[in-house]
Amino acid sequence: MQYEENRLQPISLIDPLTTPRPRYASDQPAHDNYGRRIDYLRISLTDRCNLRCVYCMPEHGMQFMPKDELLSNDELIRVIRTTAAVGFRKIRLTGGEPTLRRDLVSLVAQIKAIPGIEHIAMTTNAVKLAPIAADLKAAGLDRVNISIDSLNAERFKNMTRGAKLSDVWAGITAAEAAGLLPIKLNMVVVRGLNDDDVIDVAALTLERAWDIRFIEVMPLTGIADVANDGVVPSSELIARVEAEFGPLADLGMHAADPAHRYQIAHAKGSIGFISSVSEPFCSTCNRMRLTADGRLHLCLLRDDEVDLRAALRAGVDDAELMQIVRHAVAIKPWGHGLSENILPTIRGMSALGG
Ligand code: SAM
Ligand code: SF4
């Protein structure tokens, strides 16, 4: 896969205070204009991170958002309350690195108390997870996805530009002991960097009831060096895993889960493949993202955003905020345009949360 440097998509930032909108019925869960029910909000709690993974951030020169541009906790809780009121049920906390938030445990407890929110998950690099895993569980966190790109400590350190594998392993163990189950591990596969680690990571499922997800690297901004030619199509990885372990049992896809899951014979866990690049799953998309600076980001791989922070700080009332969120859901783009070389331009993965 070769992406052109010339990114074609115009920036589309919608100011909900000045953009004309229809009125939406308020008694139905929010659906987009293609009939998809959108009920899953992924929240980037911060764009900062203690790592610089090669497929996510450049090593130097990251510019982070100034503090006054970030949503306050009260603003964040109000946004989540509003999304819950229009039918969102599931929340994922992500980043940057969500465990950098000192108030994380109390935030989880506040989110759990919001009527309508049924499930809270978190995606983390787990470097700082071990000491807080039990508190997070007690506060209401249901489970975690932990990123791990190699079981070779040296290679892992190189890919993350600094993480100690032992810290992450301690985080995984603590999460399991705390009952943040099932444990899900995310591995972004980049050709030439860690594609030959897939067999070792898949082998973890032989003895552990973990779900491993192999993710095709996506061409967000700031990582041109690995996005170009770094994609290993899932079909190729499945063939490699089958060559090692024999035929995989096909567990299929579940609604609203982008992973196609399989199981190695007699394994306790499962392996899944997220093929956003080679086999887009936009037709079953159920999610939107909230950035740390308060914008609803409508599709991971497009730039369209609705500026909720502007609405909040202009003093809109709850009914109007619900209308704004319903409108953002309605105009969610159909899907990404990677095959036409339409690439996101304004935010890297670390500001979107995956
Ligand atoms: N810091 C946390 C972590 O690493 O798990 C949460 C934020 S990170 C941006 C969320 C997920 O995005 C991680 O699983 C990470 O591996 C994945 N990710 C980062 N860059 C990616 C890329 N270019 N393509 C596909 N997935 C990516
Ligand atoms: Fe940080 Fe997660 Fe991005 Fe790695 S993938 S740099 S841990 S935000």
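## Polar contacts to ligand 1

A polar contact here is a pair of N or O atoms within 3.5 Å. With that in hand, let us look at this predicted model, starting at ligand 1. Which residues come nearest to ligand 1? Among the 20 residues around the ligand, they are Y55, G96, E97, S147 and M218.

Three of these residues place a polar atom beside a nitrogen atom of the ligand. Y55 does so through a backbone N or O atom, 2.8 Å away, and because the cut-off is 3.5 Å, the pair counts as a polar contact. M218 also uses a backbone N or O atom, again at 2.8 Å from a nitrogen atom of ligand 1. E97, by contrast, brings a polar side-chain atom to 3.0 Å from a nitrogen atom of the ligand.

## The shell around ligand 1

How much of the accessible area of ligand 1 does the protein cover? On its own the ligand has 540 Å², and the protein covers 95% of that. Three elements give two or more residues to the shell: β4 (119-124), β6 (184-189) and β7 (211-216). By residue type, the shell holds eight nonpolar, ten polar and two charged residues.

## Ligand 2 and the residues it shares

Now for the second ligand. Around ligand 2 we find C49, L51, R52, C53, Y55, C56, G96 and N125. These divide into five nonpolar residues, two polar ones and one charged one. Y55 and G96 are worth a second look, since both names appear around ligand 2 and also among the residues nearest to ligand 1.

G96 lies in the loop between β3 (90-94) and α2 (104-112). The peptide bond that leads into G96 from G95 is cis, with omega near 10 degrees.

## Y55 and the nonpolar core

Y55 has another role to follow through the model. The largest nonpolar core has 103 residues, and Y55 is one of those with the most contacts inside it, together with L93, F214, I271 and L296. Leaving aside neighbours within four places in sequence, Y55 is in contact with D149, M159, V188, V190, V217, I223 and V226.

## Backbone details in the loops

A second cis peptide bond joins L181 and P182, with omega about -5 degrees. P182 sits in the loop between α5 (165-178) and β6.

Two residues other than glycine have positive phi values. R161 has phi near 55 degrees and is found in the loop between α4 (153-160) and α5. H266 has phi of about 65 degrees, and its place is in the loop between β9 and β10 (270-274). Are these residues buried or exposed? R161 is partly exposed, because its relative accessible area is 28%, whereas H266, at 80%, is exposed.

## A256 and its surroundings

Finally, a visit to A256, in the loop between β8 (249-252) and β9 (259-263). Why does A256 count as partly exposed? Its relative accessibility is 31%, and partly exposed covers the range between under 20%, which is buried, and over 50%, which is exposed.

Leaving aside neighbours within four places in sequence, A256 is in contact with T284, N286 and R287. Looking back along the chain, E242 is 14 residues from A256 in sequence, and the two are 26 Å apart in space, C-alpha to C-alpha.

Key. Residues numbered from 1 in each chain as written. Chains lettered and ligands numbered in written order. Predicted model: local features only at pLDDT ≥ 70, side-chain atom pairs only at ≥ 80, totals over all residues. Heavy atoms only, no water. Near = heavy atom within 4 Å. Polar contact = N/O pair within 3.5 Å; in protein donor to acceptor, adjacent residues only side chain to side chain. Areas by Shrake-Rupley, 256 points an atom, 1.4 Å probe, with all protein chains shown as cover. Helix = DSSP H or I, 4+ residues; strand = E, 2+ residues; numbered from the N terminus. Nonpolar A, V, L, I, M, F, W, Y, C, P; charged D, E, K, R; others polar. Core = buried A, V, L, I, M, F, W, Y, C linked by side-chain atoms within 4.5 Å. Buried < 20%, exposed > 50% of the residue type's maximum accessible area, 1.4 Å probe, protein only. Contact = heavy atoms within 4.5 Å.
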